[in-house]
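Subject: Structure handover

Hello,

Please find the structure below, together with its sequence. Some notes on what was found follow after it.

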Amino acid sequence: MYVIGIGKTKFGVTTQNLIQLAEEAINKAMVDSSFPSENIQAIYVSNFLGGILQNQLHLNSVISGLFPHRHLPIIRVETACASGGAAVHQALIAMNKFENILVLGVEKMTGYDSGVISKAIASAGDVERDQLPGLSFPASYAFIAQKYMEKYGATSDDLDLISLKAHYNATLNPSAHFQHKKIDLNTIKNSVMVSSPLRLFDCSPVSDGAAAIIISKKRHSKRDVEIIASSLKTDFISLTQREDFTCFPAAKLAAAEAYQQAKVSPSDINLAEVHDCFTIAEMVAMEDLGFCAPGESKEWIKMGRTALQGSLPINTDGGLKANGHPIGATGISQIYEIVTQLRGEAGSRQVKAAEIGLTHNVGGVGGTAAIHILKKINE
Ligand code: COA
């Protein structure tokens, strides 16, 4: 299977509504692919909060209106923050039936009171075990950070370096939420405490945005990128049901299956987009993906191995932290970045000699994990 077209809106605070964002990303993907939209046979739509925030469910039928008189099969996929990765996974399964599928991810999150937003995001957690006791997402990841620090001796200084890298990469990405902000270590260290030990600059922001990709069974141009693995796994959503708080079994299992499908090992990956909804999540992801041993990610970060010029650049677009996290769009945007890099079209953030890239998209605090591996086609 090949990604033959990609499109993405600017992530951040916008005046566009859900459908305007969706339309922009779809149009960009169509133009990028030079593919007639008549050839699209099905659409998968990733969205998490439309029902709660915009009272807009049945999004498949609304998106149908952008393709008048086509009556396409369109399905909405929702697995919280992993919705994008799950939608791509579902689309790939549906390639048994279709030749060309559009996958769209879209979210409108800004313009609401912070209490409304954090309650809406918390709906990804277990109602009885997490939501009613008042557990927010920042608090859940703060708990993971505390446990991780206790076990492996990591410190806030390590987390700060992840944030610094993310914000630097975002300044090189024209469509990133924080492209306009140059952030230094002092700003990160002195930012307001959200949920100890996580400060403002450990958190991904609340963003609007959309991203779209076109997947095809056949190659259409030299810019196409091959998808060589797709895996999705789940786990208990509530931390109260987990045994280990310093890794996500769903991500580990999905990664193992994806490496097996792609016939590659972690050391073959040249760059990765990982789900850094909070800085601690990037450290856990590096270990769950087998890039380094448990507890070792802090050393990699200190050595700059995951920076743009490092041996394994991670989150070259700024990651969720600084590219932004419009939840339904995130998993598709990660694939957008890997395809851009593998095509050699990433401009000043281009990774040299990138051949194989991985995306890691997580819903809840490790409740769902979708992994994709993509490969440059060498003629
Ligand atoms: N990182 C860095 N800066 C941020 C930021 C973040 N995560 N969130 C907001 N800001 C900045 C804004 O750009 C703004 O800067 P400006 O004054 O220069 O324009 C300033 O902080 C205030 O923004 P505001 O929107 O009022 O922030 P807030 O206090 O309402 O929200 C958080 C901050 C951390 C609570 C919010 O970003 C949040 O909830 N993040 C987590 C989202 C989440 O849980 N996603 C799902 C993960 S699985």
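Helix α4 is largely enclosed by the rest of the structure, because 10 of its 12 residues are buried. Those buried residues are S83, G84, G85, A86, A87, V88, H89, A91, L92 and A94. The helix covers residues 83–94. From the first C-alpha to the last, α4 reaches 16 Å, close to the 16 Å expected at 1.5 Å a residue. Please keep in mind that this is a predicted model, and that the values in this email are computed from it.

The whole chain

The protein chain has 14 helices and 11 strands. Its radius of gyration is 19 Å, and the globule rule gives 21 Å for 379 residues; the two values are close, so the chain is as compact as a globular protein of that length. Along the principal axes, the C-alpha atoms fill a box of roughly 55 × 45 × 40 Å.

Of the 379 residues, 60% count as buried. The accessible surface of the chain is about 14,600 Å², and carbon and sulfur atoms account for 53% of that surface. As for contacts, take those between residues at least 6 apart in sequence: 79% of them join residues at least 24 apart. The chain carries 34 positive and 37 negative side chains, and the centres of these two sets lie 4 Å apart.

Helix α14 and T340

A second helix to look at is α14, which runs over residues 327–343. It has 17 residues and reaches 25 Å from its first C-alpha to its last, close to the 24 Å expected at 1.5 Å a residue. This helix is mostly covered, with 17 of its 17 residues buried. After α14 comes G344, which has a positive phi near 80°.

One of the residues in α14 is T340. Is T340 buried or exposed? Its relative accessibility is 7%, and a residue under 20% counts as buried, so T340 is buried. Which residues is T340 in contact with, once its neighbours within four places in sequence are left aside? They are I6, E345, A346, R349 and Q350. Between T340 and A353 there are 13 Å in space, C-alpha to C-alpha, and the two are 13 residues apart in sequence.

Backbone details in the loops

Three places in loops are worth finding in the viewer.

- P197 lies in the loop between β5 (193–195) and β6 (198–199). The peptide bond that leads from S196 to P197 is cis, and its omega is near 10°.
- K263 sits in the loop between α10 (249–262) and β9 (271–273). Its phi is positive, about 55°, although K263 is not a glycine. With a relative accessible area of 74%, K263 is exposed.
- N315 belongs to the loop between α12 (297–302) and α13 (319–322). N315 also is not a glycine, and its phi is positive, near 60°. At 0% relative accessibility, N315 counts as buried.

The last two entries can be set side by side: K263 is exposed, whereas N315 is buried. Each has a positive phi, about 55° for K263 and near 60° for N315.

Regards

Methods:
Residues are numbered from 1 along each chain as its sequence is written. This is a predicted model: local features need pLDDT of at least 70, side-chain atom pairs count only at pLDDT 80 or more; totals for chains, interfaces and linings use all residues. Side-chain values use heavy atoms; hydrogens and water are left out. Helices (H or I, at least four residues) and strands (E, at least two) are DSSP runs, numbered from the N terminus. The expected span of a helix is 1.5 Å times one less than its number of residues. Buried means under 20% relative accessible area, exposed over 50%, partly exposed in between (1.4 Å probe, protein chains only). The radius of gyration is taken over C-alpha atoms; the globule rule is 2.2 Å times the number of residues to the power 0.38. Contact means heavy atoms within 4.5 Å. Accessible areas come from the Shrake-Rupley method with a 1.4 Å probe; for residues, only the protein chains shown count as cover. Lys and Arg count as positive and Asp and Glu as negative; His and the chain ends are not counted. The place of a charge is taken as NZ of Lys, CZ of Arg, CG of Asp or CD of Glu.
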